[in-house]
Amino acid sequence: MGWSLIEQKLESLRRAVGQFIGVDLVERMNKAVGFRNLSVHNYDAINWFIVHAIATRHLVDFDDFARALMIFQKQ
């Protein structure tokens with residue numbers, strides 16, 4: 001499977017998930033995944049100020065995501 005086909009499928013998945021949990025939350029989760037990838041693959045180059053900002057200001061994103069999943073599960 002070529003990258004363009006994979007990207008198309010991922011975009012379709014993002015749109016479908018976005019209809020349920022909202023585009024804003026999808027974008028916030030995409031950023032979380034991006035940071036996770038950066039932290040796993042570039043551990044020696046982590047900006048600890050960013051880690052602190054995420055830990056102190058953005059944990060609500062995960063709460064929002066968990067709430068959305070719980071609502072989805074009840075349907």
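How many positive and how many negative side chains does the protein chain have, and how far apart do the centres of the two sets lie? The count is 9 positive and 8 negative, with the two centres 4 Å apart. Keep in mind throughout that this is a predicted model.

**View 1. The whole chain is built from helices.** There are four helices and zero strands in the protein chain, so reading from the N terminus you get α-α-α-α. The C-alpha atoms take up a box of roughly 40 × 35 × 15 Å along the principal axes. As for the radius of gyration, the protein chain comes in at 15 Å, whereas a compact globule of 75 residues would be near 11 Å.

**View 2. Here is the surface of the protein chain, with its accessible area.** About 6,300 Å² is exposed, and carbon and sulfur atoms account for 62% of that. On the other side of the ledger, 13% of the 75 residues are buried.

**View 3. Five residues form the largest nonpolar core.** The members are Ile21, Leu25, Val26, Met29 and Ala68. Helix 2, spanning residues 23-41, is the top contributor to this core, with three residues. In soluble globular proteins, nonpolar side chains tend to be buried together. Zoom in on Ile21 and, once neighbours within four places in sequence are set aside, you'll find Val26, Phe65 and Ala68 in contact with Ile21. Of these partners, Val26 and Ala68 belong to the core as well.

**View 4. Asp61 sits in helix 4.** That helix covers residues 59-74. Is Asp61 buried or exposed? Asp61 counts as buried because its relative accessibility is 10%, and the cut-off for buried is under 20%. Skipping residues up to four places away in sequence, Asp61 touches Leu25, Arg28 and Met29. Two of those names should ring a bell: Leu25 and Met29 are part of the largest nonpolar core.

**View 5. Lys31 is a helix 2 residue.** Why does Lys31 count as exposed? Its relative accessible area is 64%, and exposed means over 50%. For a sense of distance, take Ala68, one of the core residues. Lys31 and Ala68 are 37 residues apart along the chain, and their C-alpha atoms are separated by 17 Å. Put Views 4 and 5 side by side and you have a buried Asp61 and an exposed Lys31.

Terms used. Residues numbered from 1 in each chain as written. Predicted model: local features only at pLDDT ≥ 70, side-chain atom pairs only at ≥ 80, totals over all residues. Heavy atoms only, no water. Helix = DSSP H or I, 4+ residues; strand = E, 2+ residues; numbered from the N terminus. Rg over C-alpha atoms; globule rule 2.2 N^0.38 Å. Buried < 20%, exposed > 50% of the residue type's maximum accessible area, 1.4 Å probe, protein only. Areas by Shrake-Rupley, 256 points an atom, 1.4 Å probe, with all protein chains shown as cover. Lys, Arg positive; Asp, Glu negative; His and termini not counted. Charge placed at Lys NZ, Arg CZ, Asp CG, Glu CD. Contact = heavy atoms within 4.5 Å. Core = buried A, V, L, I, M, F, W, Y, C linked by side-chain atoms within 4.5 Å.
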